[in-house]
Each structure stands twice: as C-alpha cells, then as structure tokens.
There are 2 protein chains.
Amino acid sequence: MRNMEKLEFKKIFPGVWRAGVDFQYPGYNYGGLLERAGVKPFQEGFDKQAETPFPFAEAPRAKQAGGKILFMFPFGGQERLYGLGLVYERLEQTLQVRHLRCDHYGGKDNGRTHVPAPFYVSDAGYGVFIDSASVISFYMGGSVRKDAKNPPPEKNRGRDADWQSAQRSEYVEVSLDGGRADVYIFGGASMADVVSRFNLLSGGGCLPPKWGLGMWQRVNIKYSAEEVKQDAAEFAKRGVPLSVIGLEPGWQSNSYPCTHEWDAERFPDPKEFLREMSGMGVRINLWENLYVSKSAKIYEKLKPYSGTHTVWGGVAPDLCLPEARNLMMDQHRRDHVAYGVSGYKIDECDGFDSWLWPDHAEFPSGVAGVEMRQVYAALFARALDGLYRSTNRRTYGLIRAANAGMSSFPYCIYNDCYDFRQYMTGLASTGFTGALWCPEIRGVKSAEEYVRRFQIGCVSPMLMINSWAERVTPWSFPEVENIIRDVIKLRELLLPYLYTAFADYRFGGLPPFRALCMDFSGASATSQAGVLDSTDNPYALGKMAEIVDQYMAGRSLMVAPVFTGNTRRDVFLPEGEWYDFYSGEALGGGKTISIDCPLEKLPLFVRGGEKGGVIPTMVDGTVSVLCYGEKGSGSFYDDDGLTYDFESGTYYRAALSFVKKGGAVEGTVTVEHDGYRPVPFDFMPIGNGRS
Amino acid sequence: MRNMEKLEFKKIFPGVWRAGVDFQYPGYNYGGLLERAGVKPFQEGFDKQAETPFPFAEAPRAKQAGGKILFMFPFGGQERLYGLGLVYERLEQTLQVRHLRCDHYGGKDNGRTHVPAPFYVSDAGYGVFIDSASVISFYMGGSVRKDAKNPPPEKNRGRDADWQSAQRSEYVEVSLDGGRADVYIFGGASMADVVSRFNLLSGGGCLPPKWGLGMWQRVNIKYSAEEVKQDAAEFAKRGVPLSVIGLEPGWQSNSYPCTHEWDAERFPDPKEFLREMSGMGVRINLWENLYVSKSAKIYEKLKPYSGTHTVWGGVAPDLCLPEARNLMMDQHRRDHVAYGVSGYKIDECDGFDSWLWPDHAEFPSGVAGVEMRQVYAALFARALDGLYRSTNRRTYGLIRAANAGMSSFPYCIYNDCYDFRQYMTGLASTGFTGALWCPEIRGVKSAEEYVRRFQIGCVSPMLMINSWAERVTPWSFPEVENIIRDVIKLRELLLPYLYTAFADYRFGGLPPFRALCMDFSGASATSQAGVLDSTDNPYALGKMAEIVDQYMAGRSLMVAPVFTGNTRRDVFLPEGEWYDFYSGEALGGGKTISIDCPLEKLPLFVRGGEKGGVIPTMVDGTVSVLCYGEKGSGSFYDDDGLTYDFESGTYYRAALSFVKKGGAVEGTVTVEHDGYRPVPFDFMPIGNGRS
C-alpha cells in the first residue's frame with residue numbers, strides 16, 4: 001500500500017463497507033478489536049437492512065508516517081459528530097481531540113475512558129469504525145491543513161467579535177500506531193440506523209435473560225451466606241420483588257488479588273447456598289477481578305501464562321492464550337457455574353493506571369501491555385460467553401470496561417461516577433458505542449434522592465442497588481418504601497416492552513437506550529456563546545446545551561428523569577405526537593413543556609403516530625397493550641427468557657396495531673415468527689377519558 | 001546494545017553520570033531535549049560541586065520491547081519521589097503513573113502538563129533524567145513484577161483492615177517510544193543539591209535583568225499606544241513603581257493567527273512609542289503566539305518551512321529549521337528589538353490539544369508533530385536567546401510551556417489555573433523542574449483577595465498584574481491602594497536578596513523558589529488514612545497532607561502566604577532557628593506555630609543559624625543587611641543588571657557575616673569576586689529590641 005492512497009472500500013453488507021490497510025510496518029502491529037472479541041457479523045440482521053449509498057463523495061485516504069497510520073475522512077457542512085466511547089461531559093464530539101485509551105474515568109472527557117470504542121457517528125448519516133486495539137487519536141474536524149481547499153477565513157482576535165478558538169476543517173483525521181488496521185464505514189438514514197449496523201457487525205446486541213431485567217441487590221463486601229439469605233427473606237417478607245443478589249469481594253477466600261474460590265468460613269457450603277437461593281427465586285452474581293492470588297489453586301499452572309507484572313500482587317492471565325482461558329474457565333465452571341451462579345461483575349478490567357500493569361508489560365502471547373489493556377474486558381467476556389453458551393443458560397452481569405465489538409456480550413458498564421448530569425450523559429453515550437450503562441443506586445443522602453435514583457434505574461439496562469460499601473436496601477428510607485416498591489413494580493410492568501427493546505437490539509442492533517439526538521436531530525446540542533473570563537474561560541468558549549436528561553427507551557418511550565430538589569422540569573417534545581404515559585393526555589410535539597414532578601412519579605412519555613403509541617406491558621400474567629392516540633403500531637417479542645434456544649428460532653414475534661373507534665380500541669396481532677408459545681393480548685386505550 | 005543489559009554510566013561531572021542507549025530502532029527516533037534546547041552544561045558551576053557516590057547499588061537497566069525502550073531504576077525503602085514537571089494537585093509522585101505530554105493543564109495531574117519534564121528526584125538523594133522528546137511514561141514505584149525478589153505481601157480486602165490499593169515495587173519503570181535516549185543520574189546530599197546539578201547540566205539557571213524583578217502590568221487586549229502611556233502616567237502620578245508594561249494581542253495587525261507586526265491604527269509609530277515609554281522608565285513586553293498569519297510579510301517565505309497543519313489558520317514555523325528561525329528572528333529584531341522591546345510573552349506553545357497541530361502532523365525538518373509539541377517552547381526560547389544575546393541585553397518574559405533543559409532561558413510559566421492551593425503547588429513544583437512560575441494577578445473578587453494575591457507575587461519570580469481581559473490596576477480597590485503600594489515596595493526592598501537568589505540559580509543551579517520539602521525532609525507529605533466511600537473514594541485512598549502554602553525564596557527566606565478569608569494560619573517551622581522577618585522575634589524551630597494574619601502583612605520568616613540570618617535589602621540606594629539572631633552569614637551578588645557582561649566576569653560577589661555584641665552588630669564583608677563596583681553595606685540588627 002502506498003502513501004496517501006485512496007482507500008478501496010468493499011461493500012460487505014447493506015450499508016457497510018470495509019477497507020484494510022497494511023503498510024508492512026516492521027515494528028509492533030496491533031490486533032483488531034473484532035478479532036480479539038471473537039465476534040462475527042449477524043448476517044440475519046443485515047438481511048433486513050436496506051441498501052444505502054456510500055456516504056463519502058471524496059474517498060477517505062490513508063498514509064503512513066513513521067510508525068503511525070493516518071486516516072483522513074471528509075468532513076464538512078454543519079454536521080455533528082457523536083460517539084468515541086463512554087463520555088460524561090458532552091455527547092457531541094465535533095471539533096474535539098480524543099486519544100482513546102482504556103482507563104478509569106479521571107473526571108474529564110479526554111479519551112481515557114472505560115469504553116474507548118474507536119467509532120464515531122455523524123448526524124449526516126454515516127459512521128466510521130477503526131478496528132484496531134491501538135490507542136487511537138481522533139481529531140474530530142478541528143485540524144485545518146495548510147493546503148486546505150477552503151480554509152476558514154482568518155479572524156483578528158484583537159478586533160473581530162466573532163473570533164473563535166475552534167475552526168472547522170475539511171477532514172476528520174485519525175492516527176494510530178502500527179501498520180495494519182481495518183476501517184469500516186456505515187451508512188444509514190439516521191444515527192440510530194448507523195449505530196444499528198455497527199452493532200450488527202459486532203454480532204448484534206445482547207438479549208439478557210428475563211431475570212436480568214428484574215431487581216438486583218448487591219450486598220456488603222463482608223456478607224456471609226447466612227446474611228445473604230436473611231436479606232433475601234426480608235425482601236420476600238416486605239413484598240419487594242428481588243431477582244438477583246450480587247456478592248462482593250468477601251465471598252472469596254482471598255480478593256485483591258483473587259482466588260475466585262469460596263471463603264470457607266462465610267460460604268461453607270456454596271452448592272447448598274446456591275440451591276437455597278434458587279428455592280427463594282433469587283439468582284447469585286459474583287464479583288471478581290482477574291488478578292490471581294498465590295493462594296489460588298490454579299496459580300502455579302497459570303503463572304507461566306501471565307504477564308510480567310502483577311496487579312495487587314496477583315498475576316494477570318494472558319487471556320490471548322487458550323491455556324490461561326481454559327484454566328480460568330474450568331475453575332469458574334466447576335466452582336461457580338455448576339452450582340448455578342448466574343453471572344459476574346467483572347471489576348477493574350478498565351486499566352486504572354495506578355495499579356494496572358504498565359504499557360510496556362509483556363505477555364507470553366506476544367501481545368503488548370498497552371494493547372492488552374484495551375481488550376482485556378473483551379477477552380474475558382468472550383471466554384465467559386463460551387462458558388455460559390456451553391450450558392445453554394444466558395448470563396447477565398456487570399463489567400467495568402468495554403470496547404468496540406462487545407455489543408453482543410451481556411454486560412452493563414458502571415464506575416464510580418455519581419453526579420446526576422454526568423450519569424445521564426454516560427447512559428446516553430453508551431447507546432452510541434454498543435454498550436449498556438447500569439445507573440446503580442448507592443450512598444444516597446436523602447429519601448428524595450433515593451426515589452429519584454431508583455426511577456432512573458427503573459427504565460435502564462439494570463435496576464440495581466449497590467450496597468457493597470454502605471448499607472442500602474429498598475427499605476433504607478421507610479418513608480418512601482412504598483414508592484420504591486411501586487418503582488420496582490413499574491419495571492415489572494414494563495418488562496414485555498423492555499424485553500422487546502432488547503430483542504430489537506439483539507436482532508436489529510438498535511440500542512435499547514438512546515440519546516434523544518440519536519432519534520431526533522432537533523434534540524441536538526445548541527452552542528451558547530461563551531463569556532470571556534481570564535481564569536475560567538479565557539478563550540470565551542461556548543457552552544453546549546445538550547439534552548442529556550431525556551432519553552429514549554425502546555422505540556416509543558421517552559424518559560425524563562427528575563433529580564433531587566426539583567418539583568418541576570422542562571421536557572422537550574420532538575416533532576410528532578407525544579402522550580403522557582400515565583394519563584394518555586395528548587401533548588403535541590415540537591415544543592418544550594413544563595411539568596409538575598411529584599416525587600412518586602417518573603415522567604414518561606409515549607411517542608405516538610402510526611409507528612408508535614403501543615406499549616406492551618405485563619399485568620397479572622397477561623400482556624396488556626397500552627394504546628395511545630387514535631391509532632398506532634408496535635411489536636412484541638417473547639421467548640423462554642433463559643436459554644439460547646431463541647437463536648435457533650424458538651421465539652415469538654408479533655406486530656401489534658390498533659385503531660380507536662369511539663371509546664373502544666380495535667387491536668390487530670400479526671404474527672411474524674411463531675417459534676414460541678403465543679400469548680393472549682389485551683389492548684387497552686389510555687387517555688380519551690381512561691387512564 | 002542487547003536486551004536488559006545493565007546501563008554503563010560514565011561520570012561526566014561531579015555527581016552526574018550519563019548512559020546512552022541505542023537499540024538501532026528502524027522506526028521514528030526522537031531527539032534529545034538538551035539537543036533541541038541547544039544548551040550546554042555550565043562547567044564553572046560544576047567546578048564547585050562536590051563528588052558524590054553513584055546513588056544506585058544495583059545498576060539501572062534498559063531493554064527494548066517492540067518500538068519502546070524500557071528503563072528500570074532501583075527503588076526501595078521509604079523513599080519519596082518528586083518532580084515530573086509542573087503539577088497542581090500533589091508534589092509527591094511516589095506510586096503515581098504519568099505519561100508526560102505537553103498540553104494545557106486539564107484539571108487533573110495525569111502527565112498532560114505545560115512542563116512535561118522527564119526528571120524526577122528522590123529524597124534518598126538522587127535524580128533521574130531521561131533525555132528524550134518522546135512522550136515518556138513513568139511508573140513511579142507501584143508496578144510490582146511477577147519475578148520480584150521481595151514482593152509486598154498479599155492482603156485480603158475482604159478481611160484485612162490494612163489492605164491498600166497501592167503497593168511498592170522494587171523499580172521505577174520508565175518507557176518511551178523509539179530506540180535512542182540518554183539517561184542522566186544525579187547524586188546529591190539533598191534534593192536541592194540534586195536539582196542544582198540537573199539545572200547546571202542545562203546550563204545553569206537564568207539571571208533576569210534587574211528590571212524584570214520590578215512591577216509588571218499587562219494591559220487590555222485592545223489598548224492603543226495612547227492608552228498605554230496614560231496608564232504609565234497614572235502609575236507615576238500615584239507613586240506606584242512600574243517596571244514593565246505588557247501588550248496583549250491587539251498590538252498586532254492580526255492576531256490568532258499572528259503577523260507579529262504593529263497594528264497601524266493603535267500603534268502608528270512604534271519606535272516613538274518605545275522611546276517615550278523608555279523615557280518614563282517603563283519597558284515594553286509583547287504578547288505573541290507563533291502561528292503566522294497570511295497577512296504577515298514573512299508568510300510566503302515562511303510557508304514552505306512550516307508544518308502540514310495550521311493553528312487558528314496560521315502556519316506553524318518548523319523551528320528546527322534555520323530558515324524558519326531566521327525569518328522569525330530577523331522580523332523580531334527589525335520590528336521589535338531594534339526599537340527596544342524588552343521581551344515576550346509566548347502564549348499557546350503548550351500544545352493545547354484542541355487547536356494545536358495533531359500528533360501526526362509533519363514538519364519539513366522530519367521532526368514529527370508529537371515531538372515538536374514537546375519542544376516548541378524550547379526551540380523558540382532558544383532562538384530568542386540568540387537574538388537578545390546578539391544585542392548584549394538580557395530579556396525576561398513569560399512562556400506557556402517548558403521542558404527539561406530550559407532552566408537557563410529567562411521565562412516564567414503561567415496558565416489559566418487560579419485556585420489558591422493549586423497555584424501554590426504549581427509554584428512549588430516548578431522548583432523541581434528547572435522552571436519558574438509567575439503567580440499573576442487577575443480577575444480578583446475582593447479587596448482582600450487582591451492583597452493576598454499581590455503578596456504571593458511579591459516574593460515570586462515575577463510580580464505581575466494581568467489585565468488583558470478584565471480591568472485590573474494597583475488602584476482597582478481604592479481601600480487597599482496603600483497596602484498594595486507597600487507590597488510593591490517590599491519587593492523593591494528585597495531586590496538585592498532576590499537578585500542574589502537568582503545569581504545562585506544562574507551560577508549554582510539552586511532554584512530561587514523551592515518547595516519546603518526540597519530543603520527540609522521533615523516538611524514532606526504525610527499520608528492520612530482514607531475513608532471508604534462508594535462514590536467518592538471506593539479504594540479508601542489516603543490523602544497527602546503536603547505543605548504547599550509555604551515555600552523557600554532564596555537560601556534563608558520562608559514565605560507563608562495567606563489566602564482570602566483567613567485571619568490566622570499555622571506555619572510549620574522546620575528544625576533550626578527561625579525569626580519573624582519584620583520583628584526579628586526568635587521563634588525556634590521543629591514545630592508548628594499559629595500566627596495572626598493582618599491583611600497588610602505577608603508572613604515571612606528568616607532561617608537563622610550560622611549559614612543564615614542575613615537578608616541584604618535595598619534602602620534608599622544603599623544595601624542594608626538585615627541581621628537575625630546572634631550570628632549568621634549570607635551572600636550578596638551584584639552586576640549591571642542589564643547585560644550579559646556578568647558572564648565574562650563583570651560582577652561583584654561577597655560573603656556577608658555578622659556577630660551581635662550587646663545591642664550592636666559587627667559585620668564582615670569578604671569579597672569573593674570583584675569584577676563590578678562594590679557597594680557600601682549597612683549591617684542592621686533586627687530583633688533584640690529593634691524591628
């Protein structure tokens with residue numbers, strides 16, 4: 001391949017093109033993210049995708065300079081760019097510079113993040129994915145070249161009021177180390193369409209087991225089997241639904257570094273413990289990190305297949321080697337999964353710089369430390385995926401890092417961030433990146449905050465209390481225990497809708513939780529003029545007014561969470577028809593409304609119109625289809641909720657539509673796939689006098 | 001050179017050893033920082049340095065892995081590590097990980113900093129400098145190897161109360177890109193001793209002209225010549241001393257990008273303007289950044305000698321090429337220096353990622369963009385150094401970036417940081433890194449804060465108001481105008497002492513402003529146990545109780561600035577004898593005292609004893625030697641304060657000592673170098689009834 005050659009893209013799926021570069025670089029070459037994750041494109045999903053035109057008029061180019069590859073992608077007009085992994089400060093990435101490196105969030109969006117996915121999306125309707133495990137630098141349209149065809153006009157800061165520190169260039173430029181990388185271009189009618197194709201390339205989204213969408217409680221780090229059972233009994237006694245209990249580090253005989261073996265004192269008979277919990281209808285999830293203690297039984301065997309550096313004194317398994325993976329998975333199968341452990345919380349795989357191996361660490365597979373940190377989470381999730389598939393039981397859990405290519409692995413991202421606005425930005429940003437965010441509930445300061453945090457969890461990938469450090473339970477604040485119980489029950493009510501949203505993720509790649517701007521370009525950020533301040537804003541940078549406290553859940557539900565201290569809030573209703581979820585009141589669209597926010601109510605809005613207005617819910621064992629507006633449509637998906645049998649067709653899918661006539665509703669069910677038992681539907685008009 | 005070979009260090013100066021590695025790497029190899037700065041070791045200073053033993057019992061080693069060099073330096077016991085450039089959050093760098101890259105401070109100490117100097121110092125009495133312009137990763141003793149001889153014991157987070165997230169390893173590990181680098185090891189009896197040798201290697205410290213230590217005022221970005229003259233006249237009218245006025249971007253015909261040419265409307269006759277200002281005793285400093293506008297006269301000639309990418313539309317001169325440097329310097333000489341411009345404020349050379357060229361930018365010299373960002377400040381300071389030397393006039397100014405090797409260039413670092421504690425940490429940290437910090441005064445909110453900010457400036461490398469954005473003058477708060485005037489006069493009083501401190505920097509490498517712990521190991525940080533919090537401190541990290549609001553100025557003065565809202569403060573007095581600067585009261589040592597902090601007084605303390613207690617001051621044109629305690633000693637340096645003649649011996653230096661007998665003081669002057677006119681000394685006892 002020669003320098004600055006135009007990349008030759010080949011169409012590999014409808015709306016997806018690939019080009020590989022190989023500059024024959026003699027130094028270290030990085031692996032690909034899809035290769036490390038071991039995932040394959042989901043052909044069945046692509047079969048339903050429409051053809052789209054190649055999005056660039058001018059061909060993207062590549063060049064080698066020293067030990068780096070440079071890519072140039074055309075950029076222009078007023079397009080807005082999103083993505084580049086998990087972010088907390090701003091969704092829009094236009095004109096930003098990011099060096100994407102897997103690391104714990106350090107308080108600033110600078111590229112060091114738990115999810116450094118090298119994928120961006122333009123609201124002009126395309127996406128770019130650089131498939132390399134290198135630390136990749138993205139210059140998002142602010143680097144103007146000397147030989148630019150249409151350079152922005154020069155301004156004089158000493159005279160021109162419209163001088164700005166940022167300028168728009170003609171290219172997004174991307175550089176990375178090594179000589180090899182694959183580039184994927186995605187087309188699409190909307191950003192959601194583009195992201196769906198990106199997820200299908202990674203194998204489609206994950207479909208959690210149904211129990212994964214229930215109530216989760218993580219217990220204190222020092223809990224014993226007896227204490228866990230007592231907590232579960234207390235849930236039952238109080239009538240609070242409970243699906244999963246997560247054990248924190250103390251369940252292991254040693255942790256930080258880990259043995260992954262049961263603590264004989266706290267959990268003397270793990271098999272019996274799991275059996276009893278199962279009898280109470282509660283699944284067990286185990287915390288772990290991957291650094292193996294000298295006192296672990298597999299230590300001596302594992303040691304030769306680990307990196308040069310320890311983490312908290314434990315060896316770091318070289319997960320690129322089958323020997324290391326097999327030692328870990330055999331132990332996990334024997335000691336956990338065989339007893340019924342439902343999944344894991346995989347902590348500290350995010351390259352927290354202060355204690356991870358250094359970038360120059362060496363692994364026996366030959367994979368460099370700096371690459372291993374980018375893909376460690378993927379390698380382990382992949383190994384666990386194999387383990388659970390071999391039992392034909394789905395898993396669902398938590399993981400503190402991800403990267404591109406992991407959308408099909410059933411894990412939610414979390415970290416220590418807890419600020420409301422950052423939390424919501426994080427949740428919205430995962431939708432651009434093939435990841436899910438768990439808005440865990442912990443360390444709250446008041447009953448009001450407690451309810452508000454719970455409400456965010458209610459319509460999210462995972463509703464979970466994390467009580468590992470402080471003691472937090474659904475009855476922590478007695479004065480709101482009933483409200484909390486209702487929030488948990490609202491989630492149960494919404495299960496059919498949310499499960500269908502996940503099926504759309506699994507089969508079609510559509511993220512179940514999305515930033516508002518992904519569906520509605522009118523909800524993009526607006527730039528507000530900056531105010532000069534010699535200390536706080538010396539370049540008079542404008543601020544982004546982004547809507548991050550509203551997001552889409554599934555195709556038709558919009559969530560507008562309220563945070564502590566607020567009794568009213570503004571809600572932006574995009575163009576179209578919108579309804580209040582509870583009352584069915586028609587609210588119109590294309591405007592901002594102000595609403596009352598009583599504590600007990602999570603503001604929820606239903607997108608109406610011909611392709612909306614339908615929310616399947618579960619009421620007393622039957623599917624109640626809530627119908628908003630005069631007519632609408634939606635869909636319903638169901639399967640056993642437990643196994644992978646759906647992958648071979650054992651599932652049910654139906655299109656649902658309705659028309660209201662007078663006070664009555666006339667529903668139509670069109671079965672699209674009948675591989676699983678059908679359910680009776682009850683179409684229920686909401687609004688028009690009913691609520 | 002073979003892998004993991006022990007480095008062969010050769011002694012090159014007393015207490016300084018060098019080893020070069022060259023792994024014959026075929027990819028991009030970085031230049032050295034000393035080479036880019038073009039500096040030579042200051043032999044005369046080393047002639048006075050004592051021999052010290054090589055500090056490591058086990059030889060440091062080097063290895064190549066892929067395209068990286070790895071260095072391993074022994075680390076052990078309870079040693080504390082400092083340095084690694086400009087920092088704001090904590091001075092001590094033990095167990096930290098830093099990837100040193102020139103960039104604007106982003107709110108976190110993570111290695112992206114204005115001064116990414118790859119030099120660290122241990123309180124065990126040694127220093128390590130990696131001379132490479134690569135982005136260098138430092139793992140400061142927290143990366144434990146699997147094959148460690150004495151690994152830290154495993155702990156169980158689920159059971160052991162003393163589990164800690166950080167562990168001490170046996171090595172500091174350092175890695176960088178490319179195949180070539182020089183390593184320097186420095187010995188010394190103290191950290192100040194080690195740092196002095198590091199500075200001597202870079203040519204010694206800078207000696208500012210005397211006028212540079214006077215009062216500076218930077219004026220508004222849009223000021224005209226007339227407005228500047230009016231401001232200067234107002235200073236004179238109010239009896240407020242003024243030494244330098246700094247012009248901000250609007251003096252140029254275009255700025256951001258820059259022409260470096262005078263704005264014909266605001267400054268129609270720059271030569272006459274400079275002449276008039278000179279007549280008022282005021283020097284002119286010019287703001288600039290280095291990105292050249294299309295409307296600059298040199299643009300067309302410069303363009304071929306610039307990088308591929310523009311910055312604010314201006315071309316970035318390839319300062320590694322003599323053609324680019326000469327074009328810039330010829331213009332600067334002709335249009336500025338010939339008229340008497342005294343120096344520059346060199347802005348935005350710090351690689352602010354959002355608008356600098358990308359790392360993959362190419363420069364015609366073949367130097368990569370990622371290297372150029374690390375050394376751009378050094379290259380320009382070097383060029384200006386040549387220009388001013390050719391006129392035999394010293395300069396003094398401001399620069400927004402530096403790197404190792406720049407201690408001999410007369411510039412102060414600044415940035416937008418303004419938080420009191422961060423400001424003081426920044427000031428203290430520059431002492432570890434061959435840089436100076438300007439605690440500029442701007443945008444203050446109250447008269448009280450104004451006084452407190454001024455007091456920090458009073459005993460600092462540069463006392464400067466920065467009024468570029470907001471209007472700030474010494475009389476901004478009429479109620480404290482007299483206090484401000486007294487603060488400026490206190491700085492004038494201290495000039496002989498501060499100038500001598502700079503001479504010690506110039507000739508001996510001793511930083512004029514130093515963290516307390518550099519001189520007194522008893523003033524090191526103490527670690528406070530962390531409190532577990534699931535959100536704010538999930539690893540229960542301890543906090544560092546570092547003393548950053550006290551620092552040493554010169555050999556004998558300790559400054560303890562007070563910040564807004566405080567009327568009392570604690571002051572730690574290290575072991576020894578300490579005196580109140582104003583009253584001479586003996587305060588003892590080895591303890592913490594609590595003092596009153598009336599607004600008008602900057603707390604200053606004099607270190608007494610046989611090698612202290614002497615503060616030469618300037619009172620009505622004669623040198624008044626303030627004498628604290630029963631006996632003491634110090635020194636005095638003088639020269640023309642203006643030219644480089646001191647470098648060929650045209651200076652005066654004397655040792656001063658005194659003994660008190662009864663109420664009288666008996667002073668002794670021992671002339672050490674008599675190349676410049678002697679001054680009369682007046683030894684004045686402070687305390688013992690006088691003050």
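**Exercises on a predicted two-chain model**

In chain B, B:Pro257 is located in the loop between strand 15 (244-247) and helix 5 (270-279). The structure is a predicted model, and the exercises below concern its backbone, its two chains and its strands.

**Exercise 1.** Determine whether the peptide bond from B:Tyr256 to B:Pro257 is cis or trans.

*Solution.*
Step 1. Most peptide bonds are trans.
Step 2. For the bond from B:Tyr256 to B:Pro257, omega is near 5°, and the bond is cis.
Step 3. In chain A, the bond from A:Tyr256 to A:Pro257 is cis, with omega near 5°. A:Pro257 lies in the loop between strand 15 (244-247) and helix 5 (270-279) of chain A.

**Exercise 2.** State the sign of phi for A:Leu84 and for B:Asp620, and decide whether each residue is buried or exposed.

*Solution.*
Step 1. Most residues other than glycine have a negative phi.
Step 2. A:Leu84 is not a glycine, yet its phi is positive, at about 65°. This residue belongs to the loop between strand 6 (81-83) and strand 7 (97-102) of chain A.
Step 3. Buried means under 20% relative accessible area. A:Leu84 has 2% relative accessibility and therefore counts as buried.
Step 4. B:Asp620, also a residue other than glycine, has a positive phi near 50°. Its place is the loop between strand 34 (614-619) and strand 35 (622-628) of chain B.
Step 5. Exposed means over 50%. With a relative accessible area of 78%, B:Asp620 is therefore exposed.

**Exercise 3.** Identify the relation between chain A and chain B.

*Solution.*
Step 1. Two copies of a chain are related by a rotation about an axis and a shift along it.
Step 2. Chain B is superposed on chain A by a rotation of 180° with 0.0 Å of shift along the axis, at an RMSD of 0.0 Å.
Step 3. This is the relation of a two-fold axis.
Step 4. The C-alpha of chain B nearest the axis belongs to B:Gly27, 3.7 Å from it.
Step 5. Of the interface residues of chain B, 99% are also interface residues in chain A, so the copies meet through the same surface.

**Exercise 4.** Describe how strand 37 of chain A pairs with strand 36 and strand 38 of chain A.

*Solution.*
Step 1. Strand 36 (residues 631-639) and strand 37 (residues 651-661) of chain A are antiparallel and pair over 9 bridges. A:Phe636 has A:Ala654 in strand 37 as its bridge partner.
Step 2. Strand 37 and strand 38 (residues 664-674) of chain A run antiparallel and are joined by 10 bridges. Here A:Lys660 stands opposite A:Val665 in strand 38.
Step 3. Strand 37 and strand 38 of chain A form a hairpin with 2 residues between them. In the turn, A:Gly662 has a positive phi of about 65°.

How values were computed:
Residues are numbered from 1 along each chain as its sequence is written. Chains are lettered from A and ligands numbered from 1 in the order in which they are written. This is a predicted model: local features need pLDDT of at least 70, side-chain atom pairs count only at pLDDT 80 or more; totals for chains, interfaces and linings use all residues. Side-chain values use heavy atoms; hydrogens and water are left out. Helices (H or I, at least four residues) and strands (E, at least two) are DSSP runs, numbered from the N terminus. Buried means under 20% relative accessible area, exposed over 50%, partly exposed in between (1.4 Å probe, protein chains only). Copies are superposed by least squares on the C-alpha atoms of residues with pLDDT of at least 70 in both. Contact means heavy atoms within 4.5 Å. Two strands pair if DSSP finds at least two bridges between them.
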